[in-house]
Amino acid sequence: MSHDILISGLIFLGLIGFGVFGFNRQLGKNRDLRPRRIPWIFLAMAAFATAFMVLVHIVNLLGFETGNR
């Protein structure tokens, strides 16, 4: 296995984990009435969008062409 695919896979899993964590922090039980200081929903959506880009990169590393050339 190539090191590029391994590193990209680990980054992909990390981003998915962070996205799930962010959604859980935003949509989970609100333990107190203070407003949230960190906009977790935006961070989670950014993590999922970046994870999609990394997934496309992994597909390109496997030899499939995803562009329009």
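Start by selecting F23: at 27% relative accessibility, this residue counts as partly exposed. Keep in mind as you go that you are looking at a predicted model.

Now add F48 to the selection. F48 has a relative accessibility of 28%, so this residue counts as partly exposed too, since that class runs between 20% and 50%. Show both rings: F23 and F48 form a stacked aromatic pair, 5.6 Å from centre to centre with 25° between the planes. Zoom out a little and you will see that the pair links distant parts of the chain, with F23 in helix α1 and F48 in helix α2, 25 residues apart.

How many aromatic pairs does the structure hold? There are four. For another of them, select F21 and W40, which meet edge-to-face at 5.3 Å centre to centre, with 90° between the planes. F21 sits in helix α1 and W40 in helix α2 (residues 40–61), so this pair ties together parts that are 19 residues apart in sequence. Is each partner buried or exposed? F21 is partly exposed at 40% relative accessibility, while W40 is buried at 12%. Add F18 to the view as well: F18, F21 and W40 form one aromatic cluster.

For the last stop, travel along helix α1 (residues 3–27) to S8. S8 is buried, with a relative accessible area of 8%. Turn on polar contacts, and look for the S8 side chain reaching the backbone oxygen of D4 at 2.8 Å. Then show what else surrounds the serine: leaving aside residues up to four places away in sequence, S8 touches V54, H57, I58 and L61.

Note on methods:
Residues numbered from 1 in each chain as written. Predicted model: local features only at pLDDT ≥ 70, side-chain atom pairs only at ≥ 80, totals over all residues. Heavy atoms only, no water. Helix = DSSP H or I, 4+ residues; strand = E, 2+ residues; numbered from the N terminus. Buried < 20%, exposed > 50% of the residue type's maximum accessible area, 1.4 Å probe, protein only. Polar contact = N/O pair within 3.5 Å; in protein donor to acceptor, adjacent residues only side chain to side chain. Contact = heavy atoms within 4.5 Å. Phe/Tyr/Trp six-rings, centres within 6.5 Å; stacked < 30°, edge-to-face > 60°.
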